[in-house]
Amino acid sequence: MDAPVPEIDTSRPHAARMYDYFLGGKDHFAADRVGGDQVLAAFPSMRTAARENRAFLGRAVRYLAEEAGVRQFLDIGTGLPTVSNVHEVAQGIAPASRVVYVDNDPLVLAHARALLASGPEGRTAYIHADLRDPQAILDHPVTRDVLDFTQPIALMLVAILHLIEDDDKPGDIVATLLDGLPPGSYLVASHGTAQHVPAAGAAATRALRESGVTFQLRDSETFARMAFAGLDLVPPGVVPVSEWRSEEKGPRPRLAEVGYYGGIGRKTSS
C-alpha cells in the first residue's frame with residue numbers, strides 16, 4: 001500500500017507550483033507567488049526560460065514518438081497539468097502510447113485526473129513519489145503495470161535535476177534510473193544554468209533556497225556529464241533548450257534569457 005500523501009502546505013512554496021506561476025498558470029498559492037516574485041526580481045527572464053523549457057519538452061516528445069518510435073514514457077517531475085502534456089503530445093502521434101507521471105507535490109496528485117485522460121488506445125497513470133528514491137519509482141507496481149520493461153522507455157527529467165543538490169548525488173540517481181531501463185531507451189533532460197548571467201543566477205538561487213526550495217544551478221559540462229554519461233547524444237547534443245531542433249523561424253531569445261540546457265541521449269547497452 002502507498003504511504004499516505006501529505007496534505008497540501010499552502011504556507012510554503014513548492015517548485016511545481018512556482019513553475020506553474022512562471023508559466024502563467026492558476027494552480028499556485030500566495031507563498032508560491034511571493035517566492036516566484038523574488039526569483040523574478042533576481043532573474044527577470046524566468047518566464048521566458050520556463051516557456052522555452054516547456055516548448056523543448058514538446059519538441060522532445062514529438063521527436064521520440066515520430067522519429068524514434070518510442071511508445072512509453074516515464075515523466076518524473078511532471079508538474080501541474082498544462083497544455084501539451086506528455087501523453088497529449090505522444091498520443092496525438094501514436095495513440096497507443098503509455099505514460100507514467102511522477103511528482104511529489106500533493107497538489108499535482110489532486111490534479112492527476114487531468115493527467116490520466118488517456119485516449120482509448122493508450123494508457124496513463126500517476127504515482128506520488130520523489131526523484132530522490134529512484135528505485136522506488138522503478139519498482140512501483142503502477143510503473144510495472146503500465147510500462148513494459150522489455151521495450152524502450154523514454155525517461156523524462158525535464159527541469160528537475162537542478163532541484164537535487166550535490167549532497168543527494170543526482171548523478172547516481174540518474175544512473176539508477178537508466179540502469180533499470182532496457183537498451184534502446186532514451187533520456188530527455190533539461191537543467192537550469194547561470195553560465196551567461198552568474199550574478200543573477202546566484203541571486204535566484206539564494207531566493208529559492210531562502211524560500212525552502214532546494215536548488216543548484218550547474219554549467220553545461222557538469223549537466224552533460226551528470227545526465228548523459230554513457231549515452232549516445234541525439235544531435236544537436238546538449239544545447240540551450242531554445243536551440244534544440246527549434247521550429248521557430250523568427251528571432252529567438254538570447255541565451256542569457258533562456259537559462260536552461262537540454263538534450264536527449266539514447267541507451268545502447270544493458
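Helix α9 gives the most to the lining of the second largest pocket, with five residues. The model described here is predicted. The pocket encloses about 180 Å³ of space, and its lining is made up of 14 residues. Two elements, α9 (170-179) and α11 (220-228), each give two or more residues to this lining. Leu178, Asp179, Ala229, Leu231 and Lys267 are the lining residues that lie nearest the centre of the pocket. By class, the lining of the second largest pocket divides into seven nonpolar, five polar and two charged residues.

**Helix α9 and its surroundings**

Pro170, Ile173, Val174, Leu177 and Leu178 are the buried residues of α9. They line one face of the helix, because their directions seen down the axis of α9 fall within an arc of 130 degrees. The spacing of such positions follows from helix geometry: with 3.6 residues a turn, residues three or four places apart point the same way in an α-helix. The buried residues of α9 pack against β1, α7 (134-139), β4 (154-158), β5 (186-192) and α11. Helix α11 is thus a packing partner of α9 and also one of the elements in the lining of the second largest pocket.

Leu178 is one of the buried residues of α9, and Leu178 is also among the residues nearest the centre of the second largest pocket. Both Leu187 and Leu231 are in contact with Leu178.

**Leu231 and Leu187**

Leu231 is placed in the loop between α11 and β6 (232-233). With a relative accessible area of 13%, Leu231 falls under the 20% limit and therefore counts as buried. Apart from neighbours within four places in sequence, Leu231 is in contact with Leu178, Leu187, Gly265, Arg266 and Lys267. Lys267, like Leu231, is listed among the residues nearest the centre of the second largest pocket. The C-alpha atoms of Leu231 and Tyr186 are 8.5 Å apart in space, while the two residues are 45 apart in sequence.

Leu187 touches Leu155, Leu157, Val174, Leu178, Ala227, Phe228, Leu231, Gly263, Ile264 and Gly265, when residues up to four places away in sequence are not counted. Val174 and Leu178 in this list are buried residues of α9.

**The largest nonpolar core**

In soluble globular proteins, nonpolar side chains tend to be buried together. The largest nonpolar core of this model holds 84 residues, of which Leu64, Phe73, Leu74, Ile76, Leu157 and Leu187 touch the most other members. Helix α3 (residues 46-66) supplies the largest share of this core, nine residues.

Helix α3 is also a packing partner of α4 (residues 86-93). In α4, the residues Val86, His87, Val89, Ala90 and Gln91 are buried. Besides α3, the buried residues of α4 pack against β1 (72-76), β2 (98-103), α6 (112-115) and β3 (123-128). Strand β1 also appears among the elements against which the buried residues of α9 pack.

**The cavity**

The structure holds one cavity of 30 Å³ or more. The volume of the largest cavity is about 30 Å³. Its lining consists of Thr193, His196, Pro240, Leu255, Val258, Gly259, Tyr260 and Tyr261. The elements that give two or more residues to this lining are α12 (255-258) and β8 (260-266). Five of the lining residues of the largest cavity are nonpolar, three are polar and none is charged.

**Backbone features and accessibility**

Two residues other than glycine with positive phi values are set out below.

| Residue | Phi | Loop | Relative accessibility |
|---|---|---|---|
| Lys169 | near 55 degrees | between β4 and α9 | 52%, exposed |
| Arg245 | near 50 degrees | between β7 and α12 | 32%, partly exposed |

Pro235 and Pro236 are joined by a cis peptide bond, with omega about 10 degrees. Pro236 has its place in the loop between β6 and β7 (239-240).

Asp37 is found in helix α2 (residues 30-42) and counts as partly exposed, at 38% relative accessibility. Asp37 and Ala68 are 31 residues apart along the chain, and their C-alpha atoms are separated by 39 Å.

Notes:
Residues are numbered from 1 along each chain as its sequence is written. This is a predicted model: local features need pLDDT of at least 70, side-chain atom pairs count only at pLDDT 80 or more; totals for chains, interfaces and linings use all residues. Side-chain values use heavy atoms; hydrogens and water are left out. A nonpolar core is a set of buried Ala, Val, Leu, Ile, Met, Phe, Trp, Tyr and Cys residues joined through side-chain atoms within 4.5 Å. Buried means under 20% relative accessible area, exposed over 50%, partly exposed in between (1.4 Å probe, protein chains only). Helices (H or I, at least four residues) and strands (E, at least two) are DSSP runs, numbered from the N terminus. Contact means heavy atoms within 4.5 Å. On a 1 Å grid over the protein atoms alone, a cavity is a set of points where a 1.4 Å probe fits but cannot get out, and a pocket is an open set with protein on both sides within 12 Å along at least five of seven lines; lining residues have an atom within 4 Å of a point. Grid points are joined across faces, edges and corners, and a volume is the space filled by probe spheres set on the points. Ala, Val, Leu, Ile, Met, Phe, Trp, Tyr, Cys and Pro count as nonpolar, Asp, Glu, Lys and Arg as charged, and the others, Gly among them, as polar. The arc is that of the directions from the helix axis to the C-beta atoms.
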